[in-house]
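Biologist: Could you walk me through this one before I go back to the bench? I'd like to start with its pockets.

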Amino acid sequence: NIDIVRTPATDMELDLLKFPWPFENESCDEIYSSHFIEHIPMAYTESGQDLLCAFMDECCRVLIVGGKATFIFPWYNSVRCWQDPTHRRAISDVTFCYFNKGWREQMSLGHYNIRCDFDFAPSYNVEAPWAGRNEETRAFAMKAYTNVIQDGQCICTKKAPT
């Protein structure tokens, strides 16, 4: 358990927005991050990289090829995303497209200052009463209404360099 403040559950006190982290390249099998990425400020590193992009690049650096990073976050279209005044970003499943090199190339985003390359698998839990509805109705509700999904999850798997 890594946290910026010492608590009984903290194994290591570390500011995860100061790079590089004190871990060797490809030294981690797994990263688990619950309700952190939405708190990353809309700011830049000293080199001009967006902090979320720098955070994802650092996750990629320390993960082994095939290593997984699981992110849990309040869904962008949920009151949970906006009720906490310390949340700084809205995260959706599409946010993780930007951390896939092939997608960035397809979208002509090579100029984005992002180096990481992850395959990703987003998921979420649809709230009642929408959970029992047919797929088309759920898909519409998820995009058109708030609070259909409370939290999202995305598992990012580090790809081998190409």
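Modeller: The largest pocket is lined by 24 residues, and those nearest its centre are Asn1, Ile2, Asp3, Leu16 and Tyr32. A pocket here is an open set of points on a 1 Å grid over the protein atoms alone, where a 1.4 Å probe fits, with protein on both sides within 12 Å along at least five of seven lines, and lining residues have an atom within 4 Å of a point. This is a predicted model, in which local features need pLDDT of at least 70 and side-chain atom pairs count only at pLDDT 80 or more, while totals for chains, interfaces and linings use all residues. Residues are numbered from 1 along each chain as its sequence is written, and side-chain values use heavy atoms, with hydrogens and water left out.

Biologist: Which element gives the largest share of that lining?

Modeller: That is β3, with six residues; strands are DSSP runs of E with at least two residues, numbered from the N terminus.

Biologist: Changing topic, why is β6 largely enclosed?

Modeller: Strand β6 (residues 149-158) is largely enclosed by the rest of the structure because seven of its ten residues are buried, meaning under 20% relative accessible area with a 1.4 Å probe, protein chains only.

Biologist: And which strands pair with β6?

Modeller: Strand β4 (residues 63-74) pairs with β6 in the antiparallel sense over seven bridges, and strand β5 (residues 118-126) does so over eight, where pairing requires that DSSP finds at least two bridges between two strands. Within β6, Cys154 is the bridge partner of Phe71, and Gln153 is that of Ser123.

Methods:
Buried < 20%, exposed > 50% of the residue type's maximum accessible area, 1.4 Å probe, protein only. Helix = DSSP H or I, 4+ residues; strand = E, 2+ residues; numbered from the N terminus.
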